[in-house]
Amino acid sequence: MFRVLGWLRNTVVLMWLCGALAVSTLTLAVQALTLSAQVATVTASASAAALRHRKDLAKAVSKARAKARLRRVLVAIPVVGTGAAVAFEAQDFSDWQTDNPDGTLSDYSCEVAALSAEVVDEVLQDLPDGFRPSRDMVLTQLPECAPEP
């Protein structure tokens, strides 16, 4: 009799354990599927955002290049070029001043000179040795800019 009760008790405990394990397995499977779906959604949206960003960046670069090309063409025309160059510089200074409200014209000039020096140096490196001016000659043409305290 005790033996049958012991066997029945063991059977009930094993059945309960199997049921608990089955429920846990199903719960974990549902969570895994849910998380996989979330990861797929986030990955797809990240890919779409990256592609959209890449397209927007390419469009912005193309616009900047076209704008620079147009400026070069306008500046190449003698009389119109002088007026265009002045207008472009005034617009660039105005744009710079919105980002730097406390900046002065000399601050802008120094920043433009520093950036231009970098670009000129890159362009000069591409020239053949016979046409390339010396680095010292170019550096002496740049204005002296002292950083403000």
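## Aromatic pairs in a four-helix chain

A search of the whole structure, which is a predicted model, finds 3 aromatic pairs. One of them joins phenylalanine 93 and tryptophan 96, whose rings are stacked, with 6.1 Å from centre to centre and 25° between the planes. Both of these residues belong to helix H2, which covers residues 78-99, and they stand 3 residues apart, about one turn of the helix. Another pair brings phenylalanine 93 together with tyrosine 108: the ring centres are 5.3 Å apart and the planes meet at 70°, so this pair is edge-to-face, given that planes over 60 degrees apart are classed in that way. The two pairs can be set side by side in a small table.

| Pair | Centre to centre | Angle between planes | Arrangement |
|---|---|---|---|
| Phenylalanine 93 and tryptophan 96 | 6.1 Å | 25° | stacked |
| Phenylalanine 93 and tyrosine 108 | 5.3 Å | 70° | edge-to-face |

Where do the partners of the edge-to-face pair lie along the chain? Phenylalanine 93 is in helix H2, whereas tyrosine 108 is in helix H3 (residues 105-126), so the pair ties together parts that are 15 residues apart in sequence. Taken together, Phe93, Trp96 and Tyr108 form one aromatic cluster.

Are the members of this cluster buried or exposed? Phenylalanine 93 has a relative accessible area of 19%, and it counts as buried because the cut-off is under 20%. Tyrosine 108 is buried as well, with a relative accessible area of 8%, and tryptophan 96 is also buried.

These buried residues can be placed against the chain as a whole, in which buried residues make up 7% of the 149 residues. The secondary structure comes to 4 helices and 0 strands, so that, read along the sequence, the pattern is α-α-α-α. Of the contacts between residues at least 6 apart in sequence, 22% join residues at least 24 apart. The chain exposes about 12600 Å², and carbon and sulfur atoms supply 68% of that area.

On the surface, Phe2, Leu5, Trp7, Leu8 and Val12 form a nonpolar patch, which has about 620 Å² of accessible area together. One of its members, phenylalanine 2, is placed in helix H1, which covers residues 2-76. With a relative accessible area of 74%, phenylalanine 2 is exposed, whereas phenylalanine 93 is buried.

Towards the end of the chain, glutamate 144 is found in the segment after H4, and this residue counts as exposed, at 78% relative accessibility. The C-alpha atoms of glutamate 144 and cysteine 110 are separated by 7.9 Å, although the two residues are 34 residues apart along the chain.

How confident is the prediction, and in which helix is confidence lowest? The chain averages a pLDDT of 82, and 89% of the residues score at least 70. Confidence is highest in H1, at a mean of 89, and lowest in helix H4 (residues 135-141), at a mean of 68. Where pLDDT is low, the predicted coordinates should not be read in detail.

Conventions
Residues are numbered from 1 along each chain as its sequence is written. This is a predicted model: local features need pLDDT of at least 70, side-chain atom pairs count only at pLDDT 80 or more; totals for chains, interfaces and linings use all residues. Side-chain values use heavy atoms; hydrogens and water are left out. Helices (H or I, at least four residues) and strands (E, at least two) are DSSP runs, numbered from the N terminus. Buried means under 20% relative accessible area, exposed over 50%, partly exposed in between (1.4 Å probe, protein chains only). Contact means heavy atoms within 4.5 Å. Accessible areas come from the Shrake-Rupley method with a 1.4 Å probe; for residues, only the protein chains shown count as cover. Patches are made of residues with over 30% relative accessible area and no salt bridge: like charges are joined within 9 Å, nonpolar side chains (Val, Leu, Ile, Met, Phe, Trp, Tyr) within 5 Å. A salt bridge is a side-chain nitrogen of Lys or Arg within 4 Å of a carboxyl oxygen of Asp or Glu. Rings of Phe, Tyr and Trp (its six-membered ring) pair if their centres lie within 6.5 Å; planes under 30 degrees apart count as stacked, over 60 as edge-to-face and the rest as tilted. pLDDT is the predictor's confidence in each residue, from 0 to 100.
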